[in-house]
Amino acid sequence: MTIETCDFKGKKVIVRVDFNVPLDDNGNITDDTRIRGALPTLKKVLADGGSLIIMSHMGKPKGKVNPKFSLGQIVDAVSEKLGVKVQFAPDCAKAQDVAAALKPGEVLLLENLRFYPEEEGKPVGIDKEDPKYDEAKKEMKARQKDFAKTLASYADIYINDAFGTAHRKHASTAVIADNFDADHKMLGYLMEKEVQAVDNVLSNIKHPFTAIMGGSKVSTKIGIIENLLGKVDNLILCGGMTYTFAKAQGGHIGKSICEDDKLDVALDVIKKAKENGVNLVLGTDCIAGDDFKNDCNTQICPANAIPEGWEGLDAGPETRKAFAKVIEDAKTILWNGPAGVFEMDNFAGGSKAIAEAIAKATANGAFSLIGGGDSVACINKFGMADKVSYISTGGGALLEAIEGKVLPGIAAIKGE
């Protein structure tokens, strides 16, 4: 059964969406791409005459209730986008009565799933090294099953439309599916589209293939980087990880962000790129600031010779030229992660240069795939969403799919 062929009339439908949207200090949504992405699926259920239970996580509350990550903050925004007043269940595991009372056309949003440790299914407050860890994990997995069963009990049909978390085997993304037969669980429209886009990139890579990996940490991207070294012709590494690479090679980086315990990993990436014949492009200069503020003093300096008390906050002019040159000639482009602190206008230039080069390449026939919250926010900030081939709502999920991993959220529905 697919979402297109299913008739939801008179049915209660629980949909896992990815409403992990960025909020400002006042709880206002700064980028609603993810909410917009889920609308076709949610509207189909309502149009058919079904009632809707929406569930999502937000942030990393680590299994504890934290008002900063409450989905209550987005109820009005979701109501406005759906054109229906959305009800809110302040406890996702105690929503039986509200769910049961839903009439066709009504919508209920559950509170953050990750307020319960059972959602992620990881034992809390015990180290992996602890001899009791395995026992705790087993116990938590049993609790996770029960938690998933509770969520499933609210509805007749389960739809997973949260590509952003499809790479996690969580209660709401995979375990819950065991409570529904094949005719009562399916992928949402967004999920179908995402799976298709990944297939497009992987089954049909046109060379040169250029991947741009940004963001602050090497550690979170290392698996992907190593995997890409076997696939790409050019790999641009930018953003905060620039300074880990600069320091690894003996450079001075002032007070720039750096993972001191990953210097050997950085050197290893450089070595592996050589062995694979991949052109590894690192920033040579940067725009440094004397404070982490938009209006701090700035100077342009080499990325490996930043004065004491200064930190690299964006790619410099030479680096931007080098990046653009490599991107403009590409036929397949993958971008994940910004080149600087793009949220501050004075340090958005590096990311903008990347976006402009990608737009140019796309206009010349390249297939460009943008994934990951920050890159998507970049593209939207520069008003260039219509200038790239595909924008993915999933960062980690997209990258793992590109790594060739089976995504549990998709397997749970397709029964793979």
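Let's start with helix α8 and what it hides. The buried residues there are Met-241, Thr-242, Tyr-243, Thr-244, Phe-245, Ala-246 and Ala-248. The helix covers residues 241-248, and seven of its eight residues are buried, so we can call α8 mostly covered. Keep in mind as we go that this is a predicted model. Right after α8 you'll find Gly-250, and it has a positive phi of about 90°.

Okay, now step back along the chain to strand β8, residues 234-237. What's going on with its two faces? Both of them are covered. Asn-234 and Ile-236 sit on one side, Leu-235 and Leu-237 on the other, and every one of those four is buried. The neighbour here is strand β7, residues 209-213, which runs parallel to β8 and is joined to it by four bridges. If you want one pair to click on, try Met-213, whose bridge partner in β8 is Leu-237.

Strand β2 gives us another covered strand. It runs over residues 51-55, and five of its five residues are buried. Ser-51, Ile-53 and Met-55 point one way, while Leu-52 and Ile-54 point the other way. Which strand does β2 pair with? That's β1, residues 12-16, in the parallel sense, over five bridges. Look for Val-15, which stands opposite Ile-54 in β2.

One more strand residue before we move outward: Leu-108, in strand β4, residues 107-110. Buried or exposed, what do you think for Leu-108? Its relative accessible area is 0%, and buried means under 20%, so Leu-108 is buried. Its C-alpha atom is 5.7 Å from that of Val-86, although those two residues are 22 apart along the chain.

Right, on to the charged residues. Side chains of opposite charge can pair when their charged atoms come close. How many salt bridges does this model have? The count comes to 21. I'll show you three of them.

Number one is Arg-143 with Glu-139, at 3.3 Å from N to O. Why can these two meet? They are four residues apart in helix α5, residues 133-152, so about one helical turn separates them. As a general point, an α-helix has 3.6 residues a turn, so residues three or four places apart point the same way. Arg-143 is partly exposed, at 31% relative accessible area, and Glu-139 is partly exposed too, at 43%.

Next is Asp-268 with Lys-272, where the closest N and O atoms are 3.0 Å apart. Again we have a spacing of four residues, this time in helix α9, residues 263-275, which means about one helical turn between Asp-268 and Lys-272. Asp-268 counts as partly exposed at 25% relative accessibility, and Lys-272 is partly exposed at 28%. This pair also belongs to a network of salt bridges: Glu-226, Asp-268, Lys-271, Lys-272 and Glu-275 are linked in it.

The last of my three is Lys-381 with Asp-345, and here the closest N and O atoms are 2.8 Å apart. This pair links distant parts of the chain, 36 residues apart: Lys-381 is in helix α12, residues 373-381, while Asp-345 is in the loop between β15 and α11. Lys-381 is partly exposed, with 37% relative accessible area. Asp-345 comes in at 55%, and the cut-off for exposed is over 50%, so Asp-345 counts as exposed.

Now have a look at the surface. Which residues form a positive patch? They are Lys-60, Lys-62, Lys-64, Arg-168 and Lys-217. Let's zoom in on Arg-168. You'll find it in the loop between β5, residues 157-160, and β6, residues 185-187. With a relative accessible area of 35%, Arg-168 is partly exposed.

And one last stop, Glu-318. That residue is in helix α10, residues 317-328. At 45% relative accessibility, Glu-318 is partly exposed. The C-alpha atoms of Glu-318 and Ile-300 are 10.0 Å apart, and along the chain these residues are separated by 18 positions.

So, to recap: α8 is mostly covered, β8 has both faces covered, and the salt bridge count is 21. Okay, that's me done, so over to you for questions.

Methods: Residues are numbered from 1 along each chain as its sequence is written. This is a predicted model: local features need pLDDT of at least 70, side-chain atom pairs count only at pLDDT 80 or more; totals for chains, interfaces and linings use all residues. Side-chain values use heavy atoms; hydrogens and water are left out. Patches are made of residues with over 30% relative accessible area and no salt bridge: like charges are joined within 9 Å, nonpolar side chains (Val, Leu, Ile, Met, Phe, Trp, Tyr) within 5 Å. Accessible areas come from the Shrake-Rupley method with a 1.4 Å probe; for residues, only the protein chains shown count as cover. A salt bridge is a side-chain nitrogen of Lys or Arg within 4 Å of a carboxyl oxygen of Asp or Glu. Lys and Arg count as positive and Asp and Glu as negative; His and the chain ends are not counted. The place of a charge is taken as NZ of Lys, CZ of Arg, CG of Asp or CD of Glu. Buried means under 20% relative accessible area, exposed over 50%, partly exposed in between (1.4 Å probe, protein chains only). Two strands pair if DSSP finds at least two bridges between them.
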